[in-house]
Amino acid sequence: MCTFAAMKQHVVGLTDAEVLESRQKYGSNIFSEPEKIPLWKRFLEKFSDPLIVVLLIAGILSIGISFYEYFSLQRSSAVFFEPVGIFVAIILATGMAFLFEMKADREFAILNQVNDEEPVMVVRNGHLQRIPKSEVVVGDIVKVSTGDEIPADGTLLEATAMHVDESTLTGEPICHKSVDEKDFDADATFPTNQVLRGTKVQEGHGVFRVNAVGDATENGKVYEAAQIDDSVKTPLNEQLDRLGKLIAKASYVIALLVIVGRVLMFFHHNDFEWLHFVTYLLQTVMIAVTLIVVAVPEGLPMAVTLSLAYSMRRMLKTQNLVRKMHACETMGATTVICTDKTGTLTQNQMHVYETTLDLSTEENRKKIFQGIAVNTTAMLDLTSESHPIVLGNPTEGALLLWLYEQGINYQQLKEDVEVETELPFSTERKMMAVVVKTGEERILYVKGAPEFVYGLSSLSDIACQQVQELLLAYQQKGMRTLGFAYQYLRHDEQPIQNSQLKVSGMTFQGVVAISDPVRPDVPAAVRECLNAGIAVKIVTGDSLATACEIGRQVGLWTSEDTDRNIITGPELAALDDVELKARVMDLKIIARARPMDKKRLVEALQSVGQVVAVTGDGTNDAPALKTAHVGLSMGDGTAVAKEASDITIIDNSFSSIGRAVMWGRSLYRNIQRFILFQLTVNVAACLIVLTGAFMGTEVPLTVTQMLWVNLIMDTFAAMALASLPPSSSVMKEPPRPRHAFIINHQMTWQIVGVGCVFFILLLILLFQYEHQGWSIYEQSMFFTIFVMLQFWNMFNARAFMSVDSAFRLKDCRGFLFIAMLVFFGQILIVTIGGQMFNVTSLKLSDWILIIGATSLVLWIGEGMRWMKKHQQK
């Protein structure tokens with residue numbers, strides 16, 4: 001321990017007893033962990049999917065049919081294949097979704113480790129001591145200096161040249177902190193004499209008294225808001241809900257029609273006799289239940305899960321860690337992106353934007369480079385393999401980075417001179433100065449606010465006017481500016497006296513404009529989103545000027561925009577919900593925004609039917625990330641932001657958002673393709689069962705054959721269509737309407753039309769085989785023709801919503817492999833399936849005839865796509 005002599009006034013701090021009392025009253029300096037959902041409950045949640053529910057009902061009904069057929073009709077145990085297959089499909093679909101999300105969570109946990117044991121300097125019992133951050137309590141006196149992360153919220157007691165990076169909480173990378181009321185900034189997001197947990201001291205040092213710890217801090221409030229599960233249903237969930245209800249209603253209606261129709265037929269053809277009627281009615285109910293089972297698309301949950309899982313895996317390879325599977329597809333439905341500025345659109349590192357420094361001569365270059373190198377408090381960490389890291393004030397660091405880019409070793413320049421006197425920066429002086437000696441020369445270097453620096457120089461009135469106009473132009477672009485000047489000194493001249501700079505007639509060197517530059521890939525990424533019909537809104541804690549300039553640089557803010565397109569956080573808070581709804585779609589930029597402003601903006605957008613994605617890297621973004629349909633955090637963002645998000649962009653690239661939208665839209669189309677394929681099969685199968693019910697014949701396909709058609713083949717088809725690569729063409733289309741049904745008009749006509757054509761062809765075939773005499777060979781022919789019709793239709797489904805040929809299989813190796821697996825699987829089943837599948841080997845001539853005749857399905861589809869393509873031209 002040591003006494004706290006560095007303070008201007010003696011402070012005792014808390015005693016041990018007061019520490020215990022404070023901790024008991026206000027709590028510890030840790031965030032309350034949200035209650036973890038048990039793994040078993042997370043697994044069971046997968047069974048709430050609407051299609052899984054329908055499939056569960058179908059499975060239970062199928063078990064009833066199987067027991068009836070096994071015990072009452074004395075059939076073989078093969079009747080249990082169908083319910084077993086259905087429940088295998090359920091377990092596979094739910095199990096895969098659960099395992100993929102668990103794997104993503106494990107990968108995410110590595111990115112999101114938090115350390116509450118970092119050491120903090122506090123005064124207790126009159127002595128300075130080091131304690132873990134988690135042990136800080138309300139009332140503690142804490143000392144912080146350059147590089148320290150502030151451990152709790154508090155009020156400054158002392159502050160010396162102190163600047164804090166609040167970008168993780170407010171978006172502001174540099175906030176001046178002071179205890180002098182003259183320095184207080186009325187427009188600052190938080191008071192100038194207040195420091196906040198999770199922010200970082202960039203320069204200077206200070207002492208503060210802790211006012212809030214843990215959950216009570218501003219950081220904690222944001223963290224707590226981020227745990228509230230007020231997220232909304234994803235568009236895909238809504239569509240699958242509607243599809244599940246439609247399938248259930250349709251199958252129930254058809255089943256009811258079967259029961260009513262067959263009962264009417266009974267009374268028309270038979271005299272009423274109770275035992276006969278009950279037996280007939282029971283058979284009718286079994287047929288109706290069979291219809292319901294056939295109508296349910298067993299492969300659809302598997303297709304959705306496989307599509308999402310495939311996208312998760314592929315998106316991870318493109319630096320997008322997807323934590324929640326449905327977020328893949330929801331990105332495709334996004335209509336609005338609300339993005340943070342600092343660290344998302346910009347690099348979160350200050351750089352020299354432009355200079356008016358005269359570098360034309362070697363003498364000028366020497367003075368400018370030396371003046372920057374010796375008159376700074378920042379440093380560069382050159383140990384990083386990728387790029388130098390600024391330590392200290394980021395604005396001064398930008399100057400050192402500029403020297404580095406010029407190939408200048410600033411450390412060597414500092415070592416080549418002897419520093420005699422320094423005058424540190426203060427908010428009163430608005431400048432800093434240093435006197436150095438090099439050989440026999442003594443030189444004064446001054447750096448600071450340009451209007452103060454050129455006031456010390458010998459500039460003419462005209463030159464001053466030109467500099468002022470230049471500064472105004474930079475300020476309108478939201479840039480920071482620094483002026484530079486130097487003067488040779490006499491041997492005995494002392495320009496720095498009593499912390500004052502007493503000098504005039506200096507040589508003014510020029511002005512440097514410094515900004516946090518836009519990431520190189522952002523303008524193109526924003527343009528891609530705008531072209532795809534997605535609105536982009538910037539939400540930042542920065543000033544209006546800075547926000548507008550960034551908006552202009554990324555291509556969002558144009559000369560046609562007016563005051564209606566921009567608003568500040570306080571102005572937004574002053575609007576009631578009705579006023580905000582009326583204006584929310586017009587807004588492009590929200591400046592001086594606080595964390596809950598962004599959340600309210602997201603909720604307002606959702607209330608007018610928008611699908612909202614939010615990007616951010618700071619703790620201030622967490623509530624909005626949690627509330628949005630999709631939250632996208634940056635890989636180097638705060639732990640709170642990443643915890644609240646659905647997708648973490650590991651490489652911090654905004655362009656990944658465009659790729660995520662492309663994946664989402666392509667994924668949705670792949671799901672539509674499978675629905676098209678699956679329901680076409682089901683329509684044909686249902687109509688055959690329905691016709692057989694009224695004709696008094698049995699279903700022409702056995703249970704094991706239906707298992708191959710409805711489950712094994714559909715699962716393969718799900719894998720084939722799920723593995724289709726994304727298409728960049730989807731980015732040329734507007735977002736789909738939020739409430740548009742997943743089965744559009746084109747799909748409806750194709751499902752009903754193609755399904756009915758298949759049914760008619762199969763019905764004609766069935767009558768012909770019945771007339772010739774139904775044998776196991778005819779059974780094998782009928783089964784193979786049914787499967788091959790679906791096989792060729794799978795190629796048509798692959799080309800759905802496209803004018804390209806189904807044979808255009810670039811990057812579709814997965815689809816081609818699975819298609820061949822289905823094709824040769826059918827040949828294998830018919831050749832060696834025997835009694836299990838009730839089939840026998842077919843002659844080569846029959847195989848050629850079946851393949852050639854059924855392939856007409858594909859050729860007709862190719863012809864229609866060719867005509868459509870030429871009509872578009």
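**View 1. An open sheet of eight strands, with mixed pairing, fills this close-up of a predicted model.** Reading across the sheet, the strands come in the order S9-S26-S25-S24-S10-S21-S23-S22. At the edges sit strand S9 (320–322) and strand S22 (566–568), each pairing on one side only. Follow the sheet from strand to strand and you'll find that neighbours are turned by 20° against each other on average, ignoring direction.

**View 2. Here we zoom in on S10 and S24, a parallel pair from that sheet.** Strand S10 covers residues 336–339, strand S24 covers residues 612–616, and four bridges join the two. To find your bearings, look for Val336: its bridge partner in S24 is Val612.

**View 3. Two helices, H16 and H19, lie across strands of the sheet.** Start with helix H16 (residues 544–553), which lies across strand S21 (535–539), S22 and strand S23 (589–591). Helix H16 runs at about 150° to S23. Then there's helix H19 (residues 595–607), lying across S10, S21, S23 and S24. Its angle to S24 is about 160°.

**View 4. Strand S17 has partners in S16 and S20.** This strand spans residues 480–489 and is mostly covered, with eight of its ten residues buried. Strand S16 (residues 441–448) runs antiparallel to S17, and seven bridges join them. One spot to look for is Arg442, which stands opposite Leu489 in S17. Strand S20 (residues 507–515) is also antiparallel to S17, again with seven bridges. On that side, Gly483 has Val511 in S20 as its bridge partner.

**View 5. A nonpolar patch of about 820 Å² shows up on the surface.** Its makers are Phe807, Leu856, Trp859, Ile860, Met864, Trp866 and Met867. Take Met864, which has its place in helix H29 (residues 856–872). Is Met864 buried or exposed? Met864 counts as exposed because its relative accessible area is 54%, and the cut-off for exposed is over 50%.

**View 6. Stepping back, the whole protein has 873 residues, of which 55% count as buried.** Its secondary structure comes to 29 helices and 26 strands. Among contacts with a separation of 6 or more, 74% are between residues 24 or more positions apart. As for the outside, the protein exposes about 38,600 Å², and carbon and sulfur atoms supply 58% of that area.

Technical notes. Residues are numbered from 1 along each chain as its sequence is written. This is a predicted model: local features need pLDDT of at least 70, side-chain atom pairs count only at pLDDT 80 or more; totals for chains, interfaces and linings use all residues. Side-chain values use heavy atoms; hydrogens and water are left out. Patches are made of residues with over 30% relative accessible area and no salt bridge: like charges are joined within 9 Å, nonpolar side chains (Val, Leu, Ile, Met, Phe, Trp, Tyr) within 5 Å. Accessible areas come from the Shrake-Rupley method with a 1.4 Å probe; for residues, only the protein chains shown count as cover. A salt bridge is a side-chain nitrogen of Lys or Arg within 4 Å of a carboxyl oxygen of Asp or Glu. Buried means under 20% relative accessible area, exposed over 50%, partly exposed in between (1.4 Å probe, protein chains only). Contact means heavy atoms within 4.5 Å. Two strands pair if DSSP finds at least two bridges between them. Axes are lines fitted to C-alpha atoms, for helices over the stretch in contact, and angles run from 0 to 180 degrees between N-to-C directions.
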